Amino acid sequence: MSRNNASMWSVLKKCIGMELSKITMPVIFNEPLSFLQRLTEYMEHTYLIQKANASQDSIHRMKSVAAFAVSAVASQWERTGKPFNPLLGETYELLREDLGFRWISEQVSHHPPVSAFHAEGIKNDFMFHGSIYPKLKFWGKSVEAEPRGIITLELPNHNEAYTWTNPTCCVHNIIMGQLWIEQYGNVEIINHKTGERCCLTFKSCGMFGKELHKVEGYILDKSKKKVCALYGKWTECLYSVDPATFDAHRKSDIKRSDRKQSNNADEEPDEMPPPETETVQVIPGSELIWRISPRPDNSGKYYAFTSFALQLNELDAEMEQVLPQTDCRLRPDIRALESGHIDVASAEKNRLEEKQRMARKNRSQTNEEWKIRWFHQGPSPHTKAPDWLYNGSYWNRNYSQLPDIY
């Protein structure tokens, strides 16, 4: 059974304008990862954090942090499978000594769905943490995911903290035609120590596809003077260049395109625009900050996964002995889908969702409080906004009294 012969319309026509987190979707539309694992893909380009750490210049550090923020959404390119909604209390850990970090995430709320995460450098050289509350809306032809929640990167060696929120992600043509994804919206990265900020715009595609995947913006010093321009595509690469050079280039570019185009760019395009032959036009004098890693050759057969994503379900005997029973790798519906057993995956998904509903009902009848294990609510130390903060105890490996969620 494939996505094409499952009737997406029969599921979605009831949902126009509604929030999709409350709708049960058939398993055929999923990829075999939990949303907690999908979040871990922020870490694929961890070397950019290490590059920021190694620099003694705060503007150079901001360039690397901006590239890290852009690279965090790069793995979503062509990924049209929906990750599984995490169950309340579900966790995911990832220890990558080769990349220099360890990660823990927990589903801390079910309605609304909130996923909290905390990563730290193995050499204690950074902390990357936050919580994501994806607000999903269906608009007839497309599904829009607005990722509410603050993301924080701390570099203790420089006594710096950076915060930002991710752009909005939109999946087009979900009823018929070829699915395609765009990211759009403004992302502002603030260095809370220096007052410098990076203001990036993820461009929406426009009628002629000219802006598809484009991201551009400026790094501003604390007096709001442009000190650097950044441009590229979140699916490919990010460059930096002198702002005056960038502005001059953009002016001549706008003039050229004005001559070419007519004025009906407001409608939503149905078809994914054809790829341009040269994709990012490099302005002379630019410096490359980040380039996406190539996907493995068989990626198309495996949900368009990156090499990093393909490893997220790996489970060996040694790991199985130390993992808590709440880890995504042990989740039976995800495992069944990964093995290609669609009917088993579907039955398991329904069973787990029903089990979760029953547990919730029992708690409400006995007035029992749900115990969040690894995070607690508190104000962000940098923005003072409500946040979920890691309690520091996960890696002690004391997993007694964990809930039986599978």
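**Exercise 1.** Determine whether Ser 299 is buried or exposed, and describe its surroundings.

*Solution.* Step 1: Ser 299 has a relative accessibility of 6% and therefore counts as buried. Buried means under 20% relative accessible area, exposed over 50%, and partly exposed in between (1.4 Å probe, protein chains only). The model is predicted: local features need pLDDT of at least 70, side-chain atom pairs count only at pLDDT 80 or more, and totals for chains, interfaces and linings use all residues. Residues are numbered from 1 along each chain as its sequence is written, and side-chain values use heavy atoms, with hydrogens and water left out.

Step 2: Ser 299 lies in the loop between S16 and H6. Helices (H or I, at least four residues) and strands (E, at least two) are DSSP runs, numbered from the N terminus.

Step 3: Not counting residues up to four places away in sequence, Ser 299 touches Ala 304 and Phe 305; contact means heavy atoms within 4.5 Å. From Ser 299 to Leu 310 the C-alpha distance is 8.8 Å, with the two residues eleven apart in sequence.

**Exercise 2.** Locate Asp 125 and find which residues it is in contact with.

*Solution.* Step 1: Asp 125 sits in the loop between strand S5 (114-121) and S6.

Step 2: Asp 125 is buried yet has no salt bridge. A salt bridge is a side-chain nitrogen of Lys or Arg within 4 Å of a carboxyl oxygen of Asp or Glu. The nearest side chain of opposite charge is that of Lys 123, 6.1 Å away; Lys and Arg count as positive and Asp and Glu as negative, while His and the chain ends are not counted.

Step 3: Neighbours within four places in sequence aside, the contacts of Asp 125 are Gln 50, Asn 53, Glu 154, Leu 155, Pro 156 and Asn 157.

**Exercise 3.** State how many salt bridges the whole structure has, and examine the pair Arg 61 and Glu 160.

*Solution.* Step 1: The search of the whole structure finds 20 salt bridges.

Step 2: Arg 61 and Glu 160 form a salt bridge through their side chains, at 2.8 Å from N to O. Arg 61 lies in helix H4 (residues 58-71) and Glu 160 in strand S9 (residues 160-164), so the pair ties together parts that are 99 residues apart in sequence. Both residues, Arg 61 and Glu 160, are buried.

Step 3: Asp 98 and Arg 96 also meet in a salt bridge (2.8 Å, N to O). Here Asp 98 is exposed, at 58% relative accessibility, whereas Arg 96 is buried, at 14%.

Step 4: A network of salt bridges links Glu 31, Arg 38, Glu 41 and Arg 79.

**Exercise 4.** Work out which side chains of strand S7 point to each face, and which strands pair with S7.

*Solution.* Step 1: In S7 (residues 143-148) the side chains alternate. Val 143, Ala 145 and Pro 147 point to one face and are buried; Glu 144, Glu 146 and Arg 148 point to the other and are not.

Step 2: Strand S6 (residues 127-138) pairs with S7 in the antiparallel sense over six bridges; two strands pair if DSSP finds at least two bridges between them. Lys 135 stands opposite Glu 146 in S7. The two strands S6 and S7 form a hairpin with four residues between them, and Gly 140 in the turn has a positive phi of about 90°.

Step 3: S7 and strand S10 (residues 168-172) run antiparallel and are joined by three bridges. Cys 169 in S10 stands opposite Ala 145.
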